[in-house]
Amino acid sequence: MDCVICHGKEIVKTEIREEIKTGNDIIYVSIDIPVCKNCGERYYDRLTIQALEGIREKLQNKELKLREVGKVLELAG
């Protein structure tokens, strides 16, 4: 398969961290998907999209346990 963006030939399954934003929080989800080594274009299959949508739905319904990894602070104006 050639990359649809750069026409590169090296598309390799890679572990990435997908971001899901909820309010002021960002949740990282590790997934393995094909990624173009030349330009970084990501290729999501239907099952991966459905899994991410399921995670987003469970987050909205507060059905997932999350672990706090760090904090982001903002300078008060």
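**Legends to the close-up views**

**View 1. H7 lies in the segment that comes before strand β1.** The model shown is a predicted one, in which local features need pLDDT of at least 70 and side-chain atom pairs count only at pLDDT 80 or more, while totals for chains, interfaces and linings use all residues. Residues are numbered from 1 along each chain as its sequence is written, and side-chain values use heavy atoms, with hydrogens and water left out. Strands (E, at least two residues) and helices (H or I, at least four) are DSSP runs numbered from the N terminus. The phi angle of H7 is near 65 degrees, which is a positive value in a residue other than glycine. Most residues other than glycine have a negative phi. H7 has a relative accessible area of 56% and is therefore exposed, where exposed means over 50%, buried under 20% and partly exposed in between, with a 1.4 Å probe and protein chains only.

**View 2. K62 is found in the segment after helix α1.** Although K62 is not a glycine, its phi is positive, at about 55 degrees. Because its relative accessibility is 74%, K62 counts as exposed.

**View 3. The protein as a whole has one helix and two strands.** Read from the N terminus, these elements follow the order β-β-α. The radius of gyration, 16 Å, is well over the 11 Å that the globule rule gives for 77 residues, so the protein is more spread out than a compact globule; this radius is taken over C-alpha atoms, and the rule is 2.2 Å times the number of residues to the power 0.38. Taken along the principal axes, the C-alpha atoms fill a box of roughly 45 × 35 × 20 Å. Of the 77 residues, 21% count as buried.

**View 4. The largest nonpolar core consists of I16, I20, I27, V29, I31, I33, V35, L52 and L59.** Such a core is a set of buried Ala, Val, Leu, Ile, Met, Phe, Trp, Tyr and Cys residues that are joined through side-chain atoms within 4.5 Å. The elements giving two or more residues to this core are β1 (11–22), β2 (25–36) and α1, and the largest share, five residues, comes from β2.

**View 5. L59, a residue of helix α1 (residues 46–60), is shown with its partners from elsewhere in the sequence.** L59 counts as buried because its relative accessibility is 12%, and it is one of the residues of the largest nonpolar core. When neighbours within four places in sequence are left aside, L59 is in contact (heavy atoms within 4.5 Å) with I20, T22, I27, L64 and L66. T22, one of these partners, is 37 residues from L59 in sequence, and the two are 7.9 Å apart in space, C-alpha to C-alpha.

**View 6. T48 and I33 touch each other.** T48 lies in helix α1 and, with a relative accessible area of 14%, is therefore buried. Not counting residues up to four places away in sequence, T48 touches I31 and I33, which are both members of the largest nonpolar core. On the other side of the pair, I33 touches V12, K13, T14, I16, R42, Y43, Y44 and T48, again without residues up to four places away in sequence.
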